[in-house]
Every structure is written in structure tokens, then in C-alpha cells.
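User: Could you take a close look at one part of this model for me? I would like to go through the surroundings of the ligand.

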Amino acid sequence: MRTHEKLFIGGEWVTPAGTNTIDVISPHSEELVGRVPEGTEVDIDRAVAAARDAFDHGEWSRMDPAERAAIVQNFSNVYAAQMMEMAAIVTEEMGSPITFSQLAQSPAPWLMLNAFLQIAAEYPWEERRAGVLGGDVIVRHEGVGVVGAIVPWNVPQFVTMSKLAPALLAGCSIVIKPSPETPLDAFFMAQLLEEAGVPKGVVSIVPAGREVGEHLVRHPGVDKIAFTGSTAAGRKIASICGEQLKRCSLELGGKSAAIILDDADLGATIEGLKFASLMNNGQACVAQTRILASKERYSEVVDALSAMVGGLAVGDPSDPATEVGPLVAERQQERVEKYIALGQEEGAKVVVGGNGRPAGLDKGWYVQPTVFSGVTNDMRIAQEEIFGPVLAVIPYDDVDDAVNIANDSEYGLAGSVWTADIDLGLDIARRVRTGTYGINQYTMDFIAPFGGYKGSGIGREFGREGLEHYLELKSIVPPAGS
Ligand code: NAD
């Protein structure tokens, strides 16, 4: 049982303004595994005031970028030593299989942090350009100010780091609002930031629900909102930021398509889709949940996919043999079960899985990994984000049809093509309107931008482009000849 009685506000552990607490329940055992204070609007006000003071009057925003980077490097070193503990915490609070957590819930955020350190070391924080009017112009990149970061529960460290690392390196201060499902990893991160010597005022962590999150979004002391979550919440947040002309970046939902071409090595493809489509119990914004197979190979693909999905080891996420764990919460289990019923009502066929508890599990928020065949792209199970281990196999006529189906989505976050012909794969990658794409795999590299087209978001994270969302530009024209 992990218990916290204080909130991390302005880099200090302080008594919360309210008395409500958040109970963290294990999605596997349904037992209480942690309890933390629930942040209130008053706590957000205190956190923003501390962040404002640190940015407007403190040393962090004025420090030389290299000095800041040295402290962020300390954080990286401290984090590296605790990655396995961090992975275990995330698995306990939200049910990621431990093998996934030991890859993506803490090592990946650490690699991301290091990529941002490298990008910041090479970044032209202040450049001098020869102007067209005779003199020079100085172009400065300055921290955007106070950042409000709103984080979902599915990859909490990954998403937090994608905002914290560039914010720190840019000299911003940041108020992080974790989801109520995953406050424990966030508080562990607070301890690591403290140990690394990040100055007071610069980071606050206030777990709370959406109303308190919205208070952070509306807060006049916040200069920029960095949000990751559902498209519905993203629309609301963008509208508030629009009214206030507040900077805002949004990483939202997805319904990505994996296109299997006829020349693909089916064995390797199915093995690759185990990760690309089902990672994190299917609770991944980038999950390739629409599987596009040609009419010629359709039944072969459905059979091979169903054999793989039917053979997945479902159970205790802390067991290294587990491939699919529980969903984060009972409401998520119910949501996925509703989609499984809906798919059948729409006329699709459950080939493997379906509703009902997976065998041998009498508690926990589990669903059976499920494959639907006979899916057309206009069905809701092909258009809406289910956020669980549910795959829809959709037939296509030819490559053009496959690309059209992939693009026929409100989303545009990720995608992949599986083929022996890499040039054709590259051609398809150029035609699909998504922010990231994989050929014979799906992965992302922290040196390159990540984000969505269309309803999947606005702006990019990672890479130099990700850092630039935390910067304002200033042009200074000195006297000619100086
Ligand atoms: P959610 O939108 O319900 O909540 C996300 C976070 O936003 C939570 O902290 C929540 O408390 C807060 N929130 C919700 N409404 C808010 C509002 N009006 N104002 C301020 N804060 C608000 O999403 P979720 O169920 O926690 O997460 C799953 C969603 O996140 C999926 O749609 C998934 O695709 C998306 N996601 C996207 C990415 C990406 O990088 N594109 C990464 C991970 C998850």
C-alpha cells in the first residue's frame, strides 16, 4: 500500500487544501493499493502561483540553457536508477503487463528525456542572422512560461515526460495534473525531481479529476496547456484555450490501420501486430486496431490473427508471462464490452473472444481479447476508439482501396504497412494521412516528431518540434554595426 498525505506544490510537499482522497484500486485484484490527496482548485491556484513566481522572478527561466540541462541530466541519472521500481508502480496502479511496463512505462520515458537533452544541447537558443536592411537580427527562443500539463492514465510516465522534459529544458515552470487512476507514479517522479535538485517552484504535481483539470486550463496564470487524452476532452480544452488565446498542444485519440499487403510474410506480420495492435492491453492511442487485408488473403489473415489472439496469455499483469492484463477500471471494462456487443449488432462476427470473463479469472477488470471479421469501415467498431484488445479485420480490393480505407477516419495518429516491397511500403506511408507510420513494425523515435493529423490532435511532441512548443520567439534588432 502506497500512501501519500501531501501534494507536491512548488517543489515542496504541502498539506492539501481539501480533505478528499483518491483511492487507487488494482485492476487485477480490485484491492486498494494506494491513497493520495485529491487536488482541488485551491491547490491548483497555489501551484500556478508558485510556477508563476518561479518563472517571472526565479533563477530557472533565466539560467543558461546548459546550466538547466545539467540539472535535467541529474534528473535523468536519478530516474535511470529507479526505472524498474517505476515500472512496477505503473503495473500495480493501472494493469500494464510488467514486460510492457519495463519497456514503455519507464525506460521509454527515460530515453525520451535523454533525446530531449541531446536536442537541447544542439539547439540554437539565440541566433544572429544577417538582415536584409543592412544590420543583423538576433532571434531568441525563450520559454513559453507557465505550462499546465494534463495527463491520461494509459502511459502516464511516457506522457508526463513528453511535456516535463521540454518544459524544463526550455526554462518553463510546469503544473502537472495526473489522472486520478495513476497518481502513484507521478508522486514517485516528484521524489526523483526533488532528489535531482530541480529548484523550488518549477514543478507541481496535483492529481485530480476533470473539473479541477479544467480549472487549470482556464487559469489566467497559465501560458500554455499541453494535453493528452480523448478527442472529446481535447475539443473542450481547445475551445477554452481559443477563447483565451492560450497556447495549446493536443495529443488525442486514434483508430489506426495496419495494411497487410499480399506479399507480406504473414507469420512475422502477426507477431508484429501482437505489439502494434495489442500493446498495453489495447489501451494505446497508437494501437493498430483496424487490420486491412486483401479479399484474396482475407480468411488466411483472419485465421492467423485469431490463432495469435486466442493464444494470448491473459492474467496477472505482474507476471512476466502475461501478455494481456486487465483494463484500467470497471467503467473501461463495461465500455469495451458494449463495443463487443455493438459490433455483433452491426453485423460483424466475433471469431475469437467476445463478452464474458476470460477463463480462470474470477475478479479484475478483464475482457477477452477479441477479433471481429466481416467488418466494414463504416461500422462504429471501425470508426470509434474502443481502447481495449479488440481488433476489426476489414477487407480491401487493391492498394488504392486500402489507402482510402486507412484515410477514411476522423483520426490520423499512426499506421503501418506490412510488405516485402519496402519501396511500395514507403509510397503507402507517404499517402496515409497520419502523424507517424511504420513499415513492418510500429514504433516511434524520440528524435522525430510525434502527433496527429485531423481529430488526433494539434501540434507535435518529441524531437526539435516538440521542444519548440515550449518556446516563444523573439526578434531583437540591435543598431547596425553592433
Ligand atoms: P480523458 O480525455 O478522459 O482524460 C485525460 C486527462 O484529461 C485526465 O487527466 C482527465 O482528468 C483530464 N480531463 C478530461 N477532461 C478534461 C477537461 N475538460 N479539462 C481538463 N482536463 C480534463 O482520456 P483518458 O480516458 O484518461 O485517456 C485515454 C485517451 O487518451 C484515449 O482517447 C487515448 O487515445 C488518448 N491518448 C492519446 C495519446 C497521444 O499521444 N495522442 C497518448 C495517450 C492517450
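How do the residues of the shell around the ligand divide into nonpolar, polar and charged?

Analyst: Happy to help! Please keep in mind that this is a predicted model. The shell around the ligand holds 12 nonpolar residues, 8 polar ones and 6 charged ones. Among the 26 residues around the ligand, those that come nearest are V151, R210, S230, L252 and E385.

Let's go through the polar contacts. S230 places a polar side-chain atom 2.6 Å from an oxygen atom of the ligand. For V151, it is a backbone N or O atom that lies 2.8 Å from a ligand oxygen atom. On the nitrogen side, E214 has a side-chain N or O atom 3.0 Å from a nitrogen atom of the ligand. As for coverage, the ligand on its own has 840 Å² of accessible area, and the protein covers 92% of that. The elements giving two or more residues to the shell are the helices α8 (210-218) and α9 (231-244), together with the strand β11 (224-228).

For the wider setting, here is the nonpolar packing of the protein. The largest nonpolar core has 120 residues, and F75, L164 and V203 have the most contacts inside it. Apart from its neighbours within four places in sequence, F75 is in contact with L113, M161, L164, M189, L192, L193 and A196. There is also a second, separate core of 29 residues, with L292, V367, Y396 and V417 among its members.

Methods: Residues numbered from 1 in each chain as written. Predicted model: local features only at pLDDT ≥ 70, side-chain atom pairs only at ≥ 80, totals over all residues. Heavy atoms only, no water. Core = buried A, V, L, I, M, F, W, Y, C linked by side-chain atoms within 4.5 Å. Buried < 20%, exposed > 50% of the residue type's maximum accessible area, 1.4 Å probe, protein only. Contact = heavy atoms within 4.5 Å. Near = heavy atom within 4 Å. Polar contact = N/O pair within 3.5 Å; in protein donor to acceptor, adjacent residues only side chain to side chain. Areas by Shrake-Rupley, 256 points an atom, 1.4 Å probe, with all protein chains shown as cover. Helix = DSSP H or I, 4+ residues; strand = E, 2+ residues; numbered from the N terminus. Nonpolar A, V, L, I, M, F, W, Y, C, P; charged D, E, K, R; others polar.
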